[in-house]
Amino acid sequence: MDKKWITIKEVTLNNNCPECYNTNGLQLTFKQKFIENSLYRSITNETTQAIYCKTCNTAIFPVMWTEDIERVFAYQQKAFTPKKASIKLKKKAWLFITLFSVLILCGILLAILYK
Ligand SMILES: [Zn+2]
């Protein structure tokens with residue numbers, strides 16, 4: 001099974017970076033977890049957020065957040081709508097389901113015919 005975190009939304013923040021104090025490097029990223037295997041592709045409702053400073057190339061963990069960053073983050077999180085959780089079956093899955101149904105139908109028919 002393949003799990004992927006896919007970026008849904010990226011927001012540039014104007015806050016000071018707690019590391020390098022630059023105001024043009026912070027970026028907030030919202031990601032959502034996708035699962036894919038040979039039978040289906042699914043969007044989960046699991047999301048994650050991260051702040052990264054492009055200027056000093058540092059991941060800004062929540063422990064380093066200033067009050068301002070927390071405020072902006074809370075606002076952005078409210079504005080963020082994740083994709084709806086869903087499951088899409090692939091062709092192979094449909095093929096299995098069809099084959100399985102046909103087999104069951106055959107089984108029932110045989111049972112009726114050769115009672
Ligand atoms: Zn920085």
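**Reading strands, loops and exposure**

Mentor: Y21 is exposed, because 10 other C-beta atoms lie within 10 Å, and a count of 12 or fewer places a residue in that class. The model under discussion is predicted.

Trainee: Where does Y21 lie, and what is its phi?

Mentor: Most residues other than glycine have a negative phi. Y21 has a positive phi of about 60°, although it is not a glycine. The residue lies in the loop between β1 and β2.

Trainee: Which loop holds N57, and is N57 buried or exposed?

Mentor: N57 belongs to the loop between β3 and β4, the latter formed by residues 58–60. N57 counts as exposed because it has 10 C-beta neighbours inside 10 Å. Its phi is positive as well, near 50°, and N57 is a residue other than glycine.

Trainee: How many bridges join β1 to β2, and do the strands run parallel or antiparallel?

Mentor: Pairing of strands is read from the bridges between them, of which at least two are needed. Here, ten bridges join β1, residues 2–12, to β2, residues 26–36, and the two strands run antiparallel. Within this pair, K3 stands opposite I35 of β2.

Trainee: How many bridges join β2 to β3, and through how many residues does the hairpin pass?

Mentor: β2 and β3 (residues 40–53) are also antiparallel, with ten bridges between them. The hairpin that links these strands passes through three residues. As a point of register, L26 stands opposite C53 in β3.

Trainee: Which residues does V11 touch, leaving aside those up to four places away in sequence?

Mentor: Contact is judged by C-beta atoms within 7 Å. On that basis V11, a residue of strand β1, touches L28 and Q76. V11 is partly exposed because 17 other C-beta atoms lie within 10 Å, a count between the limits of 12 or fewer for exposed and 20 or more for buried.

Trainee: How far apart are V11 and T44 in sequence and in space?

Mentor: These two residues are 33 residues apart in sequence, and their C-alpha atoms are 22 Å apart in space.

Trainee: What length does helix α2 reach, and what is its count of buried residues?

Mentor: A helix can be checked against an expected rise of 1.5 Å a residue; α2 (residues 91–113), with 23 residues, reaches 32 Å from its first C-alpha to its last, close to the expected 33 Å. As for cover, α2 is hardly covered, with a count of zero buried residues among its 23.

Conventions: Residues numbered from 1 in each chain as written. Predicted model: local features only at pLDDT ≥ 70, side-chain atom pairs only at ≥ 80, totals over all residues. Helix = DSSP H or I, 4+ residues; strand = E, 2+ residues; numbered from the N terminus. Contact = placed C-beta atoms within 7 Å. Expected span 1.5 Å × (residues − 1).
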